[in-house]
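Reader: I'm new to this one and would like to learn how to read it. Could you walk me through it, feature by feature?

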Amino acid sequence: GKLENISSLPMKYTLEDNSIVFYIEKNNRRIFEKIFTIKDEYAMVMKLKFNDFAEISGYDIHFDSGMPDTEDFTKNKNNDYKIVAQVENSLKKVTLRSLSKKNKTLEGHIDWAAVRTKYFTQAIKPEKRINSTILKGFEIGGSPAMNLSIRNQTGRDNIEDNYLVYIGPVEYNLLNKYGDNFQNITELGAKWLHLLSKWFLWLIAFLYKFIPNYGVVIILFSII
């Protein structure tokens, strides 16, 4: 099919209920809409709507801006910063160290994918199964980044796909509620350490209820 870069087309926006809608018009009709709706404190639903295209073989989603450092001490950055994804029900991790040497490509059904630093993450999770997906991981500005290529098995002229987009702390209990092993974005160490790690994470979340500042909580945790 014909490749069309709609990012070069002028995009308008409007506020509708509790959502912000970005759209492209052609002949006074919306041919593309990207709708963001707040779900909770750190997550939103992103709806992509393609209307009356000749034929859509797929589209790309870019997480290519990288993530800034949130702490001064970054000695272990090459191992702490990484791409984490669940592909064909298997957990995949690609560190910044690896991406600095060579780009990485993952193919197959991607349940979810994330770019993470030591304490924060940007993650995306499709609402329904997407059968043909390619994740391309790379390094940009000292940070991991990724692009997702969604390929439809049969061309369609109308598409409506929903994604959960999470931008927030790498906190086990927060991520766990979204299902599909989304909590595996966190680093729990070796399998025999998982139970102890979960207890530590629970304690951090408990302290955060009374001291809503992760920096202070981590300092107190190190004292405990």
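Reader: Let's start small. Which residue in S4 is the bridge partner of Ile35?

Author: First, keep in mind that this is a predicted model. As for the general idea, strands of a sheet pair through backbone hydrogen bonds, either parallel or antiparallel. Here, Ile35 has Lys47 as its bridge partner in S4. Zooming out a little, strand S3 (residues 29-38) and strand S4 (residues 43-50) pair in the antiparallel sense, over seven bridges.

Reader: And in what order do the strands of the open sheet run?

Author: Nine strands make up the open sheet, and reading across gives S1-S2-S3-S4-S13-S10-S9-S6-S7, with antiparallel pairing. At the edges sit strand S1 (12-16) and strand S7 (90-95), each pairing on one side only. On average, neighbouring strands of this sheet are turned by 20° against each other, direction ignored.

Reader: How many helices and strands does the protein have?

Author: Five helices and 13 strands.

Reader: Now burial. Is Leu99 buried or exposed?

Author: The trick is to look at relative accessible area: under 20% means buried, and over 50% means exposed. Leu99 has 3% relative accessibility, so it counts as buried. You'll find Leu99 in helix H2 (residues 96-101). Not counting residues up to four places away in sequence, Leu99 touches Ile83, Val94, Lys104, Gly137, Phe138, Glu139 and Pro144. Also, the C-alpha atoms of Leu99 and Ser143 are separated by 9.1 Å, with the two residues 44 apart along the chain.

Reader: What about Asn147: buried or exposed?

Author: Asn147 is buried, because its relative accessible area is 17% and the cut-off for buried is under 20%. Asn147 is placed in strand S12 (residues 143-156). Leaving aside neighbours within four places in sequence, its contacts include Ile61, His62, Phe63 and Phe138.

Reader: Which residues make the nonpolar surface patch of about 220 Å²?

Author: Tyr119, Phe120 and Ile218 make that patch. Take Phe120, found in strand S10 (residues 120-126). Phe120 has a relative accessible area of 32%, so it is partly exposed.

Reader: Let's finish with the whole protein. What percentage of its residues count as buried?

Author: Of the 224 residues, 41% count as buried. The protein exposes about 13,300 Å², and carbon and sulfur atoms supply 51% of that area. For contacts, look at how far apart the partners are in sequence: among those between residues at least 6 apart, 55% join residues at least 24 apart.

Conventions: Residues numbered from 1 in each chain as written. Predicted model: local features only at pLDDT ≥ 70, side-chain atom pairs only at ≥ 80, totals over all residues. Heavy atoms only, no water. Patch = residues over 30% accessible without salt bridge, like charges linked within 9 Å, V, L, I, M, F, W, Y side chains within 5 Å. Areas by Shrake-Rupley, 256 points an atom, 1.4 Å probe, with all protein chains shown as cover. Salt bridge = Lys/Arg side-chain N within 4 Å of Asp/Glu carboxyl O. Helix = DSSP H or I, 4+ residues; strand = E, 2+ residues; numbered from the N terminus. Buried < 20%, exposed > 50% of the residue type's maximum accessible area, 1.4 Å probe, protein only. Contact = heavy atoms within 4.5 Å. Pairing = 2+ DSSP bridges. Axes fitted to C-alpha atoms, helices over the stretch in contact; angles between N-to-C directions.
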